Amino acid sequence: MASGAKQMFSNPGEEPAVTAAWESFLNGDELPADALRALIDSSWQRCQDAQVDPHARSGPQPVSDQDLYLLRERQRELLEASAPVMACARDFLSETGTLMALADANCTILTTEGDMPAIGSAETIRLVPGVAWSEALCGTNAIGTALAVGQPVQIHSAEHYCEGIKRWTCSATVVRHPLDGEIVGVLDVSGLSQTYSRQTLALVVTTASRIENRLAMGEMERRYRLLDHALNRLAVAGQDGIVLFDRRGCPIKANEHAQLAIAAAGGEIDLGAARRLPELAASRLGRGRAVLPAWIKPEWLEPLIVKGEQLGTLLVVPASRGRVATVRAPVATEAVRDDAFSSLITGDPALLDVIAKARQLARSKAPVLLQGETGAGKEEFARGIHGSSAGPYVALNCGGLSRELLASELFGYADGAFTGARKGGMVGKIEAAHGGTLFLDEIGEMPADMQPHLLRVLEQGEIYRLGENTPRRVSFRLIAATHRDLRKEIAAGRFRMDLYYRIAVTSLRIPPLRERAGDIARLARHFLDRFRSEQGLAPGTIDDDALRTLQAYTWPGNVRELRNLIEGAVLLSEGPALTRDALPRELLEAVVAAGDAPVDAAANGVCSMAEGEESLIRRAISASGGNLTLAARQLHIAKSTLYVKMQRYGLSRDAGQR
């Protein structure tokens, strides 16, 4: 078996042996096992099967100028992305005796740049725009063979199948679309055999990567415009299931009804997998060439055209009456105790609607993004969506962990992967969630350089433990949560757009407690009964003055802050009634500052800046539930600075739980 280097690279020193092998191959003689690289052996076999003329002197005739113009128009996106790169080729390939050629996915050359004498020599073998250099037409060559195997190749001199091009050396690799990996073109550098260099292959791979990056930037910009154009339509969908497809037929957004609506219509699209549907590509729909799946009716498709360009397609699957009735029925009452969302106490219509949507999503496997402020109840929703599903529920908070610790927690590690690694290695959270649900809280805090690794797991369904080279297959349902606006994070360069589209197939916004004032009294009484019961006390009450004060507060820490406050008040109360005197001073001060309630200034006034700072820190710790990373972020100070100030004022993580 030849080495990996021999498989990838040509060896000019073996040219006479390759020539002899070629002659023997044409004569039908059996070749020794090590006579050729496996890449060349397989390619020659394909050429022989395709009845390629081994004595051909050049490529076929080029297409007409009109056909070449139309071909370039169809490949405008690829040509625009590669234009700066090809322009650079004129400079860095000058006087090297080589040229760079860009071909489409059918191996037809679209454009060439480089050393002018080399371009002139290439005309003798028709290595020019408009000529198709597939293996079936031109035999073994870098362009055709790279497309055939889908990876970088280098073909030197005698390794070419056709006699007329054996004095050339060439290196090529495919160009893939960055979002779905589809091959969209081939990039090649060719020259006469004396220009051979192993570094040419590295140049080709690097240059193709630059083209792919420019394709990704263009695609992201189009998706931004598509989402902006479609947001209003998504918002007024009612009970219809809606899926937004980009111009290539990739689903990038769906509402909460989509998965069930598709299933009811007889479709089998897994929105969680986000696989491309070529039938819904704008190029096919626009030309009337698409053969739609049987379950999709043409009238369900709405082309989204912006400034004359079709950016995508909206699939609107009408709601079935039976499905709507089934879905909406549980929302009619305030407290539903027979499902996984029974821990959510609310009578607020907006939150009840979110719960209803979450129940629908619980029946699918599509990824869900939960958006809401700290303490609003994102993990309760995550547990509810997981519900009674088979498999484990595994949660990980991406905030407050160092990059190295987060990587080991997420992906696990092998035995001896690093100093201090646990003997026998460790299973990561992703692997532990196999067959179940993985909840990634505060995903907006994930380091930017780790995001591509998570994206790869979601796309490929496999992970590598730290220190291992063998992939492990995983299958899980992802629920992510964040208090950040990820669109702003993307614009600031802190979050990857492709990862956002992958995790936000469906999204739910959980309203903060201040937007559902009616729930404050309801939750306060619930927590009062709960914590008094835990202390072995009889049920208690909240007096009207205390209740008015609670309702006047803005609750930056949301339900978590209210829960912690009531627990502390129960511990400090001496009787069955929770009065205003049992409420923390910082809450009373905040209510006074807002002008919503009278407070005794002598008892609650701030007498110094230091006391005000202590109060502010105490409130931040309380609002974050003792999470010092979040508290520091709310205070806009470094975590180390927060530690110093806590030590100065004698505060602890439990400072807010009075």
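This passage looks at one helix pair and three loop residues in a predicted model.

Start with the helices. Two packed helices are described by the angle between their axes and the distance between the axes. Here the pair is helix 20, spanning residues 518–534, and helix 21, spanning residues 544–552. Their axes come within 9 Å and cross at roughly 125°. An angle over 115 but not over 145 degrees falls in the oblique class, so helix 20 and helix 21 are oblique to each other. As for handedness, the crossing of helix 20 past helix 21 is right-handed.

What do the two helices actually touch with? On the helix 20 side, the contact is made by Ile520, Ala521, Ala524 and Arg525. Across from them, helix 21 brings in Leu547, Leu550 and Gln551. Sorted by character, the residues of this contact come out as five nonpolar, one polar and one charged.

Next up is Glu163, which sits in the loop between strand 3 (153–156) and strand 4 (168–176). The relative accessible area of Glu163 is 35%. Since that value lies between the 20% and 50% cut-offs, Glu163 is classed as partly exposed. Although Glu163 and Asp53 are 110 residues apart along the chain, their C-alpha atoms are separated by 9.0 Å. Setting aside neighbours within four places in sequence, Glu163 is in contact with Pro54, His55, Ala56 and Arg57, and also with Trp22. With one of these, His55, there is a polar contact: side chain to side chain, at 3.0 Å.

That same loop between strand 3 and strand 4 also holds Ser157. Ser157 has a relative accessibility of 2%, and because buried means under 20%, Ser157 counts as buried. The backbone of Ser157 deserves a look too. Most residues other than glycine have a negative phi. Ser157, however, has a positive phi, near 50°.

Glu95 also has a positive phi without being a glycine, with a value near 65°. This residue lies in the loop between helix 5 (76–92) and strand 1 (98–104). Is Glu95 buried or exposed? Its relative accessibility is 75%, and since exposed means over 50%, Glu95 counts as exposed. So the two positive-phi residues described here part ways in accessibility: Ser157 is buried, whereas Glu95 is exposed.

How values were computed:
Residues numbered from 1 in each chain as written. Predicted model: local features only at pLDDT ≥ 70, side-chain atom pairs only at ≥ 80, totals over all residues. Heavy atoms only, no water. Axes fitted to C-alpha atoms, helices over the stretch in contact; angles between N-to-C directions. Helix = DSSP H or I, 4+ residues; strand = E, 2+ residues; numbered from the N terminus. Parallel < 35°, antiparallel > 145°, perpendicular 65-115°, else oblique. Left-handed = near helix turned anticlockwise from the far one by under 90°. Contact = heavy atoms within 4.5 Å. Nonpolar A, V, L, I, M, F, W, Y, C, P; charged D, E, K, R; others polar. Buried < 20%, exposed > 50% of the residue type's maximum accessible area, 1.4 Å probe, protein only. Polar contact = N/O pair within 3.5 Å; in protein donor to acceptor, adjacent residues only side chain to side chain.
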